[in-house]
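Subject: Structure for your review

Dear colleague,

Please find below the sequence and the structure that I am handing over to you. My notes on what was found follow directly after.

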Amino acid sequence: MQQLTTIGLNHYLTISALLLGFGLFAVMTRKNAIVVLMGVELILNAANINFLAFSKYNGGMQGVMFALFVIVIAAAEAAIALAIVINIFKIFKSVDVSKRDSLKE
Amino acid sequence: MSIQTTTVIFYLFAALTVCSAAFVVLTRNVIYSAFSLLFTFFGVAALYVFLSADFLAVTQVVVYVGGILVLLLFGVMFTNSIMNPSQKTEVSNTLAASLLFLGVTGGVLYSFFASPGWMSTGKTLQGSIVGPVGFETMSRYVLPFEMVSILLLAALIGAAFLARFDNKGNS
């Protein structure tokens with residue numbers, strides 16, 4: 001009971017493990033490329049929660065700074081990936097990633 | 001605010017985060033996934049506040065909800081016909097992915113809870129971190145900061161170049 005009522009490191013690690021699992025599930029099962037991207041965002045959020053949780057209970061700033069950099073790189077990744085997906089849609093008229101196996105028309 | 005209230009609020013936000021993340025991956029409708037992801041991002045921002053990372057929480061709301069989610073919604077709108085009311089996504093490998101989910105989550109949780117406990121340094125982050133973030137950005141992390149800014153600039157130029165429309169109309 002003491003474990004459940006005092007919020008500690010393990011609570012955050014549990015949430016982030018669940019988010020990681022859901023993100024992997026989305027990346028593996030979905031055929032729509034946009035939903036695959038959403039799964040990648042979930043995985044990045046899980047990593048961020050871990051960084052911040054360890055930073056909080058360590059007392060240092062390293063985790064906070066790396067979480068900040070992860071957010072910036074997630075923004076860059078989303079922009080590039082969306083541009084690629086829109087190009088795929090323009091060429092093949094579909095965003096089904098299970099059918100795309102060629103790099104050009 | 002008493003410890004009890006904080007605990008209850010924490011569990012509420014944790015449940016919101018995990019349930020909406022589960023809905024993102026379990027629903028077939030792409031629009032429902034996108035809007036459920038909104039609640040996930042807000043829940044994660046609230047967890048950041050619990051971790052006394054207030055600056056990161058605001059950044060999460062601004063960048064993820066204001067930027068990435070809007071970008072994803074634009075992607076959904078671009079790549080589906082607006083006239084098509086059922087924007088469903090097909091699924092594959094459901095059994096293998098379920099096994100992967102159970103294996104990864106169970107393995108990670110087992111390694112967390114079976115370990116004899118993390119060594120505590122005895123001190124935790126307290127209060128606002130806006131000042132320390134600014135200090136660290138301009139002292140120890142100034143090189144990664146500059147590198148990530150150049151990376152972001154190059155990525156955005158590349159994205160605009162990739163997604164442009166030709167005068168001829170195709171790619």
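Angles between helices under 35 degrees count as roughly parallel, over 145 as roughly antiparallel, 65 to 115 as roughly perpendicular and the rest as oblique. Axes are lines fitted to C-alpha atoms, for helices over the stretch in contact, with angles running from 0 to 180 degrees between N-to-C directions.

This is a predicted model, in which local features need pLDDT of at least 70, side-chain atom pairs count only at pLDDT 80 or more, and totals for chains, interfaces and linings use all residues. Residues are numbered from 1 along each chain as its sequence is written, while chains are lettered from A and ligands numbered from 1 in the order in which they are written.

The predictor assigns the complex an ipTM of 0.90 and a pTM of 0.89. For chain B the average pLDDT (the predictor's confidence in each residue, from 0 to 100) is 87, and 91% of the residues score at least 70.

Between the chains, 64 residues of chain A are in contact with 68 residues of chain B; contact requires C-beta atoms, placed from the backbone, to lie within 7 Å. On the side of chain B that touches chain A, α3(B) provides the largest share, twelve residues. That side comprises 46 nonpolar, 19 polar and three charged residues. Here Ala, Val, Leu, Ile, Met, Phe, Trp, Tyr, Cys and Pro count as nonpolar, Asp, Glu, Lys and Arg as charged, and the others, Gly among them, as polar. Helices (H or I, at least four residues) and strands (E, at least two) are DSSP runs, numbered from the N terminus.

Helix α3 of chain A covers residues 33-58, and its end C-alpha atoms are 38 Å apart, in agreement with the 38 Å expected for 26 residues; the expected span is 1.5 Å times one less than the number of residues. Because 21 of its 26 residues are buried, α3(A) is largely enclosed by the rest of the structure. Buried means 20 or more other C-beta atoms within 10 Å of a residue's own, exposed 12 or fewer, and partly exposed in between, with C-beta atoms placed from the backbone. G59(A), just after α3(A), has a positive phi of about 85°.

α3(A) packs against α2(B) at about 10°, with the axes 11 Å apart, and the two are therefore roughly parallel. The residues in this contact include M38(A) and L52(A) from α3(A), and L37(B) and Y48(B) from α2(B).

Yours sincerely

Note on methods. Two residues are in contact if their C-beta atoms, placed from the backbone, lie within 7 Å.
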